[in-house]
Amino acid sequence: MEAPSPFFSRSKPKCRLSDPAQPLNLFRLGCSSSKGNDMEDTPPPFFSTSKPKCRLSDPAQPHKLCRRGYRSHPRLSMCFSCKGKDMEDSRYYYYCVTCKLEFHRGCHVFPPEIKHIFHPSHPLTLISVDPTFDFSPRNWKDKSSTEESIYEVDDDCEDDDNNIMTIIIIMMMMMMMMMMMMITMMMLLMMMMMMMMMMMIACLSDGNHLKCKCCQVPLQKVYYHCSICKFYLNATCSMRPPPPTISHIKSHEHTLTLFPIRLPFPCDACGLSLSETDDLVYACLPCSHMVHRSCIYLPRVIKITRHPHRLSFSLSLQPGDFLCGVCRQTIDVNNGQYSCNKGCHYAVHSKCATRKEVWDGKDLEGVPEEPEEYMESFVRIDEETIQHFSHEHYLKLYEKNNICEKDKVCEACTLPVMISQRYYGCMKCDFVLDEACAFLPRKKYHPLHKHPLTLHAFPLGRISGFGHLYHSASNIFICDGCSRIGCGFVYKCGEQDCTFLVDVNCASLPDPFIHGCHPHDLFFNLTEGKCMGCSSDYCSSYYLECIKCTSFLGIRCATLPTKAHYKYDRHPLTLCYGDEDTTSGQYWCEICESKLDASKWFYTCEFCSITLHVNCLQGKDMYMKPHYIFKLVSGRYEVEIARNDGNTRPLCSQCNLLCAQTLVFKQIGRYESCCTLDCLANYIWKLALAKRER
């Protein structure tokens with residue numbers, strides 16, 4: 001095999017526009033990893049595919065280890081790490097020309113002493129309190145065991161070197177799996193576990209408080225140690241030394257240098273403490289500029305759905321009081337943040353703005369900003385008539401004046417039209433939209449999701465795993481906001497491979513939101529807690545938070561209608577948020593005729609003193625509209641939703657109880673009925689099993 005030309009290097013190519021004394025490496029980016037012009041700056045990888053370095057050399061000027069094959073070099077005399085001799089089944093070994101040291105393959109990874117960039121003054125000594133730790137060369141088997149392959153390896157061949165770090169990671173994972181098995185066994189052998197703990201305590205010297213100087217996590221069972229300076233470094237951190245300097249013009253005009261000491265100062269880019277995170281610190285000492293390593297690569301210009309304009313990153317703000325648009329906490333104007341490009345009094349913490357739930361991952365620096373197009377949902381024919389995109393006929397404006405009128409249900413929000421409420425009704429059929437839903441925009445930005453949402457007139461896609469069924473349900477959907485099943489209009493994300501969707505009730509919640517149950521404003525802070533509406537920790541997928549009281553309201557409770565209609569009361573019912581004084585008497589539900597807990601939410605009539613449970617009045621499946629048909633089990637069963645307004649209540653085919661809900665679910669072609677979607681899912685599951693047994 002001919003030796004390569006000295007003019008060509010197998011290492012990474014250099015940027016020829018950089019400083020020749022400190023050249024920058026060029027990184028190869030695949031086309032599959034980029035999307036248009038959305039390529040963002042990412043930190044260089046920890047692991048390198050170049051030749052391994054001699055870990056006893058100076059970290060600032062490390063020596064490269066040469067791989068010596070037995071074809072043209074003498075066999076290994078003695079390994080520096082394990083003091084072992086040559087191995088007959090090994091094809092090659094590593095050799096440092098400068099240090100005159102030889103290593104078995106594998107022994108070069110964890111030598112007994114190393115020099116590290118975090119502690120250049122003294123060498124670090126390997127310490128292991130793990131009895132299973134074994135990096136002997138026997139664990140590094142060559143890919144080929146044939147006699148011919150022993151002489152096929154040449155000094156410049158780097159096939160195995162490119163995968164050496166991957167092999168190290170795999171071996172470390174295997175070691176972790178072995179440790180988990182050991183812990184399980186030691187639960188049965190308490191004496192052995194106590195001996196292990198005593199050994200660790202003796203070796204670590206109060207190891208509960210010793211942390212790695214690199215990752216700031218407690219020391220592992222294999223680590224490097226400097227007894228003079230009391231310096232500790234986990235073995236895994238020693239394998240991936242960070243770059244000593246980083247040049248990133250977008251972040252800072254000067255070269256940033258690794259600063260291994262964690263000072264209790266705020267990061268100039270994000271404001272978080274430099275000492276309380278496991279991220280590395282880089283500094284420009286002439287400028288007194290110190291940042292986390294990850295903050296160096298923050299995007300310059302971003303767009304989030306919580307603000308209509310683009311946001312630009314800056315290291316300081318003009319004097320003033322600013323609250324973060326995500327967490328609603330005070331922003332320090334002396335630290336880095338994102339602020340509005342158009343001059344709005346709006347800013348966001350840099351860490352809050354780049355959360356994966358908030359930011360779409362696109363750096364818009366250099367991308368021209370296109371004017372936002374507002375898409376209306378209708379075309380106005382005259383003052384009282386519109387042509388809505390969801391219906392082929394004209395819709396005329398009406399107003400419900402009295403309770404005697406026929407009940408009308410909005411096709412978008414699936415809620416009944418209240419008295420004195422204006423709505424648009426079809427002039428040829430029974431299609432109805434209340435005035436608020438008719439004006440819903442086609443495209444909407446909402447803090448619940450990081451992408452824009454598009455309004456669709458009818459449910460899209462299917463529900464997989466509906467109830468106990470392992471089949472899909474079509475023409476209905478599960479809202480990602482309140483987790484309710486619905487069949488009305490839906491806002492869906494238009495991004496590829498993103499399935500986020502919410503019903504129009506959740507999408508219509510503003511930020512901030514004013515609710516009658518609480519005196520303060522509520523915000524979408526992407527936090528969660530105990531819902532003050534239902535007193536549950538699992539109310540919804542998303543919550544609204546009060547910053548002043550640290551109280552939470554689940555979206556499921558926040559979207560309950562504040563006004564409702566009961567067919568046996570001529571007055572509208574009001575949602576009551578719990579009665580603090582429950583000693584005046586007992587409360588009874590008018591529908592189910594059972595006791596009502598007045599400390600929880602319920603509906604009441606101020607004039608007639610009627611009280612009703614929320615589920616009894618609205619129904620457990622409140623977003624299902626009557627006369628609607630959907631399909632189950634890949635279209636084998638068609639189910640129609642009907643009103644439960646007959647003279648007698650039907651008997652549920654699943655729970656064998658009288659249907660007390662406002663709606664019933666009937667399978668087309670059969671006489672059976674189910675009171676809820678849960679009962680329907682169980683009933684269809686029984687039918688499918690019975691049919692399979694036949």
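1. Two strands are taken to pair if DSSP finds at least two bridges between them. In this predicted model, four strands form an open, antiparallel sheet in the order β21-β22-β27-β28. Because β21 (443-444) and β28 (501-503) stand at the edges with a single partner strand each, one side of each is left without a neighbour in the sheet.

2. At the β21 edge, the pairing with β22 (residues 453-456) is antiparallel and runs over two bridges, and lysine 443 has threonine 454 of β22 as its bridge partner.

3. The count of salt bridges comes to eight. One of them joins the side chains of arginine 306 and aspartate 511, at 3.7 Å from N to O. This pair links distant parts of the chain, 205 residues apart, with arginine 306 in the loop between β12 (301-302) and β13 (311-314) and aspartate 511 in the loop between α6 (504-507) and β29 (543-546). Arginine 306 is buried, at 14% relative accessibility, whereas aspartate 511 is partly exposed, at 25%. Both residues belong to a salt-bridge network that also includes Arg328.

4. A salt bridge of 2.8 Å, N to O, is formed by the side chains of glutamate 411 and lysine 625. Since glutamate 411 lies in the loop between β18 (395-399) and β19 (422-426) and lysine 625 in the loop between α8 (614-618) and β37 (629-632), the pair ties together parts that are 214 residues apart in sequence. Both glutamate 411 and lysine 625 are buried.

5. Arginine 670 and glutamate 672 also form a salt bridge, with their closest N and O atoms 3.3 Å apart. Arginine 670 is partly exposed at 37% relative accessibility, and glutamate 672 is partly exposed at 26%.

Definitions and conventions:
Residues are numbered from 1 along each chain as its sequence is written. This is a predicted model: local features need pLDDT of at least 70, side-chain atom pairs count only at pLDDT 80 or more; totals for chains, interfaces and linings use all residues. Side-chain values use heavy atoms; hydrogens and water are left out. A salt bridge is a side-chain nitrogen of Lys or Arg within 4 Å of a carboxyl oxygen of Asp or Glu. Buried means under 20% relative accessible area, exposed over 50%, partly exposed in between (1.4 Å probe, protein chains only).
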